[in-house]
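Dear colleague,

I am handing over the structure below, followed by a short account of what was found in it. Please read the account with the structure open beside you.

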Amino acid sequence: MGTREVPLRMGLLSLCVGTALSLYRVPLRMFAGKLKSSEQLDLGPLKPNASGLSLASEPAGLGSFVNMINNLHGDSGRGYYMEMVIGTPGQTMNILVDTGSSNFAVAATPNRYVTTFFDPAKSSTYESGDQTVAVRYTQGKWQGELGTDVITLPQGPNDTIRINIVAILTSDGFFLPGINWQGILGLAYPLLARPDASVEPFFNSVVQQTGIPDVFSLQMCGAGVPARASGDTTAGSLIMGGVEPTLYQGSVWYTPVLHEWYYQVEVLRLDLDDQKLNLDCREYNTDKAIVDSGTTLLRLPTVVFDAVVETITQTALVHDFSSGFFSGTKLACWLKGESPWRLFPRLSLYFRATNSSQSFRLTILPQLYIQPVMDMDGMLDCFRFGISSSTSGLVIGATVMEGFYVIFDRMHVRVGFAVSSCAEVEGVTVAEISGPFAAEGTASSCVGRALLQESLMWVLAYTLMAVCTLVLLILLVLLLVPCRRRHRDGEITDESSLVRNRIK
């Protein structure tokens, strides 16, 4: 789950900004604050285009996903959530959709930001697992009790499903002001589930119990909507079981999932307008690049972020721009009617295609990463920078995802992108997708081999724990068994003991 915004403390600073050509002046004001970024359907075979790049076939489903359209509410600043009915009798909750985690968890005690919560004692179908679970995100953490219960989805598959559920008992920085959800729906792979991969994630249970294809797709319609607008004016769709063609336009382009934990993909390159960043492609994948609907911003590894900011400040039609805007501590404000988007470049991300010698490009216009936040007394329009620095890898969050219909095709271990039908701001389509492009000049793999993946680290950790447990058991047996003299050939002496030879 990604970071989300906290209340702003505003202090007015004014400055005048000229263009690169000094032909006109753009009124700009900076505001200080604290912004902390975090049916059955046959998809059919792939059909290659003339260049050999695999594109999506047109969906030819046997059913309809109409009931799932617009089943999400919220916005990028506070997250996108859907309604669920948990337990017997049903308790209705709003649950955050997060492709960057794998646990289903819901508030089970009152919280100053959560007035509605799930009460396991009132559900006749709840079963406690007597196990404590703790999860920490980029921002916020919680701890609770693992159990199981049944759920139904008013705008989802028409079945009652028994799932693993964590009743959140304590939390810190997880539930925030202004949210309208009470839990989190982790849609990633079992390897990320806590306390371990034996806890079957929500969507795995849905696929297993309903028989729908192992595919879900996501549309988030918050492009150009102020992150702190009151009410739920935006919407989106979580389609479980396939692809809804009315939610996108043009072709779908796929990139492989490299490791089945997060939805980890391979980014080859980043451009600002036509200017390519002069970076080794491994920098974009340090230590991973993932697609995460629970993260608000586009988060870039520090080296990449610094290069992006430097390029923007050199090429954008804005000079003497406060560094606080790029670091997320200040807002940039213009007089109403003065749009800042024409002052900034387009941003493009290149992904390795299913044909590994080719790539495709996602392009977002400034309307997606220069994001409206609020106005000041009806006189000013204020904006935040929708990109942040990251020490935990490149995260494709809502800043990018709001421009695209994203398909998580777990059957074929790939993620697909198409331009979203709701990716418009003031009548302008703010996302583009194009290709194929040759991947010449790019390393055969842009994923750093020297860096251990977290998944491997967890496997090693569990292996070491098992070995240590075995060693301790053997030691305990050796200590408890009485020492008896035997024939020399069978005698356990200090020279051959486990303690002497293994623990120095």
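In the second largest pocket, the largest share of the lining, three residues, comes from β9, a strand being a DSSP run of E of at least two residues, numbered from the N terminus. This is a predicted model, in which local features need pLDDT of at least 70 and side-chain atom pairs count only at pLDDT 80 or more, while totals for chains, interfaces and linings use all residues. Residues are numbered from 1 along each chain as its sequence is written, and side-chain values use heavy atoms, with hydrogens and water left out.

The second largest pocket (an open set of points on a 1 Å grid over the protein atoms alone, where a 1.4 Å probe fits, with protein on both sides within 12 Å along at least five of seven lines; lining residues have an atom within 4 Å of a point) is lined by 21 residues, of which Gly100, Arg136, Tyr137, Thr138 and Tyr262 lie nearest its centre. Its volume is about 460 Å³, taken as the space filled by probe spheres set on the points, which are joined across faces, edges and corners.

Ser123 lies in the loop between β8 (104-107) and β9 (127-136), and this residue is buried, with a relative accessible area of 7%, where buried means under 20% (1.4 Å probe, protein chains only). Leaving aside residues up to four places away in sequence, Ser123 touches Gly87, Thr88, Gln91, Phe118 and Asp149, contact meaning heavy atoms within 4.5 Å.

With best wishes

How values were computed
Helices (H or I, at least four residues) and strands (E, at least two) are DSSP runs, numbered from the N terminus. Buried means under 20% relative accessible area, exposed over 50%, partly exposed in between (1.4 Å probe, protein chains only).
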